[in-house]
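Please work through the exercises below with the sequence and the model open beside you, and try each task before reading its solution.

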Amino acid sequence: MCMSWRTQTVTFLAIATAGAFAQPATSWTTVRDTQEQAFSIDVPRGWKVQGGMVRKGPLDPRAEVDMISPDGRVGMSVGDWGVPPFTVPSTQMEGLGFTEGKEYAPGHPPTATIVARYRAGQAFADLYGQARFSKGCQALEVKSLKSASPVFSAAHDGPMTTTAGEVVYRCVRNGQEKVAYVYAETSLYQANGGANWAVSTLASFLAPKELAARTYQMLFQSIASFTPNPQWRVRQAQITAANVNAALRTFHLEMQQSAARYQQWSASLAKQGRSFSDVLNGQTLTTDPSTGQKREVWTGTGSTRWIDGVGNVVSSNLSPGTSFRALADVK
C-alpha cells in the first residue's frame with residue numbers, strides 16, 4: 001500500500017445524503033480505483049472521497065485515498081501520492097554525490113527514488129506528521145510518539161523487515177484544538193549489496209479533539225478494508241519480473257558511471273508532490289539530556305534546539321524561556 005505523487009488527477013467520488021460527522025457513521029460504501037482498477041476500499045457513506053492509483057514508473061505504482069466529512073471538520077487519508085520510494089546511501093553512492101535527500105534513479109528506464117537512511121515506522125511517522133501538519137497548525141505539540149507492531153505487514157519476511165509506529169499531536173488551528181495523527185509502516189529490503197525501503201502503509205487524520213477517538217476507529221476500519229484487485233496484482237507481478245532482472249544487471253555498472261550522468265537523469269525527473277528532499281535535509285537528530293530520548297526535529301535557523309515539557313520545539317540562539325531546556329545535537 002505504498003502511495004504517492006500528484007502527476008495527474010485520478011478521482012472517484014462517494015457522495016451520498018448524510019448528516020454531519022457529529023452523527024457517527026453507521027454505514028459504509030465501497031469505492032474502486034478507476035485509473036488502473038487496482039484496488040477497492042470502504043469509506044464512510046456520505047463523505048467526499050478522492051484518490052486512486054497513479055504510476056510514476058513501471059515499478060512505482062502509488063495509491064492515495066482522501067476522505068472529508070460532510071461538514072468538513074474531519075479529514076482522513078490512506079496513503080500519500082507525495083511519498084516516494086527510498087534508496088539507502090552507500091559509501092560509493094555518497095562518493096558520487098548521492099547524499100541524503102538527493103534524487104537517485106537506477107535502472108532502464110530509471111526509477112525515481114530519494115536517497116535516505118532507513119527510518120523505522122515511529123521515526124517516519126513523526127517526520128511525516130511534522131511535514132504534513134506544521135503549516136496548517138499554529139501550534140503542533142507531540143502528545144504521544146511510540147513504536148508498534150506492524151498491523152498490515154509481517155515484521156520479518158525473507159530479506160524484508162517491517163517496523164511500525166504512530167504519533168499523536170495536539171494541533172491548534174484557527175483557535176480550535178484538534179488532534180492530528182499518523183500511523184506508518186516502513187519496509188526495508190536488502191539484497192545484492194544494496195538496500196531500499198518504502199512506506200508500505202501510511203494513514204493520517206485531523207479531527208476536533210472530541211471526535212478523535214471515533215475518527216481513529218474509522219481510519220483503521222477503512223485501512224483494513226483496502227483490497228488489491230487480484231488481476232491487477234498479477235499484471236504488476238509480470239511488469240516487475242520483466243524489469244527487476246534488467247535493473248539488477250545494470251545496477252553495478254551504473255554505479256561506475258559519472259555523477260554527471262545521474263544528475264542529468266535527476267534533472268529530468270518531475271518534482272515530488274511534497275518535497276521530502278527538503279524534509280530530510282531540514283532535520284537535526286537531537287538528544288534530550290533529561291530523558292535520553294532521541295528525536296529528529298526541524299533544524300530551523302537558530303544554533304540551538306529547545307524543547308519544553310509538552311513537546312514544543314524551538315530553534316533559537318537564546319533560550320525561549322524558563323520552561324525550555326536545550327536539546328543536544330547528535331554528532
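The exercises that follow treat a hairpin and its sheet, a helix, a disulfide and a single residue.

The model is predicted, so local features need pLDDT of at least 70 and side-chain atom pairs count only at pLDDT 80 or more, while totals for chains, interfaces and linings use all residues. Residues are numbered from 1 along each chain as its sequence is written, and side-chain values use heavy atoms, with hydrogens and water left out.

**Exercise 1.** Determine how strands β1 and β2 pair, and place them in their sheet.

Solution. Begin with the elements: helices (H or I, at least four residues) and strands (E, at least two) are DSSP runs, numbered from the N terminus. Two strands pair if DSSP finds at least two bridges between them; β1 (residues 28-32) and β2 (residues 39-44) have 5 bridges and pair in the antiparallel sense. Within this pairing, Val31 stands opposite Ile41, and Arg32 stands opposite Ser40. The two strands form a hairpin with 6 residues between them, and Gln37 in the turn has a positive phi of about 50 degrees. Finally, the order β1-β2-β14 describes an open sheet of 3 strands with antiparallel pairing, in which β1 and β14 (227-228) are the edge strands, each pairing on one side only.

**Exercise 2.** Find which residues of helix α3 are buried, and what they pack against.

Solution. Helix α3 spans residues 212-224. Taking buried as under 20% relative accessible area, exposed as over 50% and partly exposed as in between (1.4 Å probe, protein chains only), the buried residues of α3 are Ala212, Thr215, Met218, Leu219, Phe220, Ser222 and Ile223. These buried residues pack against β1, β2, β4 (61-68), β5 (75-79), β12 (176-191) and β13 (194-208), where contact means heavy atoms within 4.5 Å.

**Exercise 3.** Locate the disulfide and work out why it counts as left-handed or right-handed.

Solution. With a disulfide defined as a pair of cysteine sulfur atoms within 2.5 Å, a search of the whole structure finds 1, joining Cys137 to Cys171 with an S to S distance of 2.0 Å. The torsion about the S-S bond is about -100 degrees, so this disulfide is left-handed. Cys137 lies in the loop between α2 (121-133) and β9 (139-148) and Cys171 in strand β11 (residues 160-173), so the pair ties together parts 34 residues apart in sequence. Both cysteines are buried.

**Exercise 4.** Describe the surroundings of Val314.

Solution. Val314 is in strand β18 (residues 313-316) and counts as partly exposed because its relative accessibility is 28%. Not counting residues up to four places away in sequence, Val314 touches Thr304, Arg305, Trp306, Pro320 and Phe324.

Key
The expected span of a helix is 1.5 Å times one less than its number of residues.
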